[in-house]
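Let's take a walk through a protein model, starting from its inside and working outwards. Keep the structure open while you read, and click on each residue as it comes up.

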Amino acid sequence: MRLMLFFDLPMNTRSERRIYSRFRKYLIKNGFTMVQFSVYSKIFPNRSSLDTYMFTLKQNMPPHGSVRAMAVTEKQYSNMFLLVGNQTFTEESLSDNTMVIL
């Protein structure tokens, strides 16, 4: 499973930019990778672990703006059309089949 997170946060004041930065750093620290600006994804082994993580994610939401989440299977994610541009290095190197040898 993959959790897709879409967000649009206000960045008019210094305080709002700080909130945006903290939220973005929280996502990266918790294993999300950027697909596009304000679109992040994270891989989960199954639906139950995704549902468990959603509780933690909801506790770290910014107070204003719009944040949306959508769960998709790896097959659905791999069928996504890339209309302009190329896959990022992170997208090319990460997948559900990635094995790390230490």
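## What counts as a core

A nonpolar core is a set of buried Ala, Val, Leu, Ile, Met, Phe, Trp, Tyr and Cys residues joined through side-chain atoms within 4.5 Å. Buried, here, means under 20% relative accessible area. Keep in mind that what you're looking at is a predicted model.

So which residues of the largest nonpolar core touch the most other members? They're Leu3, Phe7, Leu27, Phe32 and Leu57, out of 15 residues in that core. Strand β1 and the helices α1 and α2 each chip in at least two residues. There's also another core lying apart from this one, with five residues, including Met4, Val35, Val39 and Val72.

Leu3 is a good one to click on. Leaving out residues up to four places away in sequence, Leu3 touches Phe32, Tyr40, Ser41, Lys42, Phe44, Leu50, Met54, Leu57, Ala69, Met70 and Ala71.

## The overall layout

Zoom out for a moment. The chain has four helices and four strands, and reading along the sequence gives you the pattern β-α-β-β-α-β-α-α. Of its 102 residues, 26% count as buried.

How much of the contact network joins residues at least 24 apart? Among contacts between residues at least 6 apart in sequence, the share is 72%. As for the outside, the accessible surface of the chain comes to about 7,700 Å², and carbon and sulfur atoms account for 55% of that.

## Rings that pair up

Now for the aromatic residues. A pair of aromatic rings is described by two things: the distance of the centres and the angle of the planes. Searching the whole structure turns up five aromatic pairs.

Take Phe7 and Tyr20: their ring centres are 5.9 Å apart and their planes meet at 50 degrees, so this pair is tilted. Phe7 belongs to strand β1 (residues 2-8) and Tyr20 to helix α1 (residues 14-29), so the pair ties together parts that are 13 residues apart in sequence. Phe7 and Tyr20 are both buried. They also share one aromatic cluster with Phe23 and Tyr40.

Phe32 and Tyr53 make another tilted pair, because their ring centres are 6.1 Å apart and their planes are at 45 degrees. Phe32 sits in the loop between α1 and β2 (33-36), while Tyr53 is in helix α2 (residues 47-59), so here the tied parts are 21 residues apart in sequence. Are these two buried or exposed? Phe32 has a relative accessible area of 4%, so it's buried, and Tyr53 counts as buried at 11%.

## Charges over rings

Tyr53 has something else going on: the charged end of Lys42 sits over its ring, 4.2 Å from the centre. A similar set-up involves Arg2, whose charged end sits over the ring of Tyr77, 3.8 Å from the ring's centre.

Where is Tyr77? You'll find Tyr77 in helix α3 (residues 74-78), and at 12% relative accessibility Tyr77 counts as buried. Although Tyr77 and Met1 are 76 residues apart along the chain, their C-alpha atoms are separated by 8.9 Å.

## An annotated spot: Asp8

UniProt, in an unreviewed entry, places the feature "binding site" at Asp8. That residue is in strand β1. Why does Asp8 count as exposed? Its relative accessibility is 57%, and the cut-off for exposed is over 50%. Not counting residues up to four places away in sequence, Asp8 touches Gly65 and Ser66.

## Two more residues to click on

Glu16 is in helix α1. With a relative accessible area of 22%, Glu16 is partly exposed. Setting aside neighbours within four places in sequence, Glu16 is in contact with Pro10 and Met11. The C-alpha atoms of Glu16 and Pro62 are separated by 9.4 Å, and these two residues are 46 apart along the chain.

Last stop: Ser38, in the loop between β2 and β3 (39-43). Ser38 isn't a glycine, yet it has a positive phi of about 65 degrees.

Technical notes. Residues are numbered from 1 along each chain as its sequence is written. This is a predicted model: local features need pLDDT of at least 70, side-chain atom pairs count only at pLDDT 80 or more; totals for chains, interfaces and linings use all residues. Side-chain values use heavy atoms; hydrogens and water are left out. Rings of Phe, Tyr and Trp (its six-membered ring) pair if their centres lie within 6.5 Å; planes under 30 degrees apart count as stacked, over 60 as edge-to-face and the rest as tilted. Buried means under 20% relative accessible area, exposed over 50%, partly exposed in between (1.4 Å probe, protein chains only). A charge sits over a ring if NZ of Lys or CZ of Arg is within 6 Å of the ring centre and within 35 degrees of the ring normal. Contact means heavy atoms within 4.5 Å. UniProt positions are given in the numbering used here, feature names are shortened, and annotations may be inferred rather than shown by experiment. Accessible areas come from the Shrake-Rupley method with a 1.4 Å probe; for residues, only the protein chains shown count as cover.
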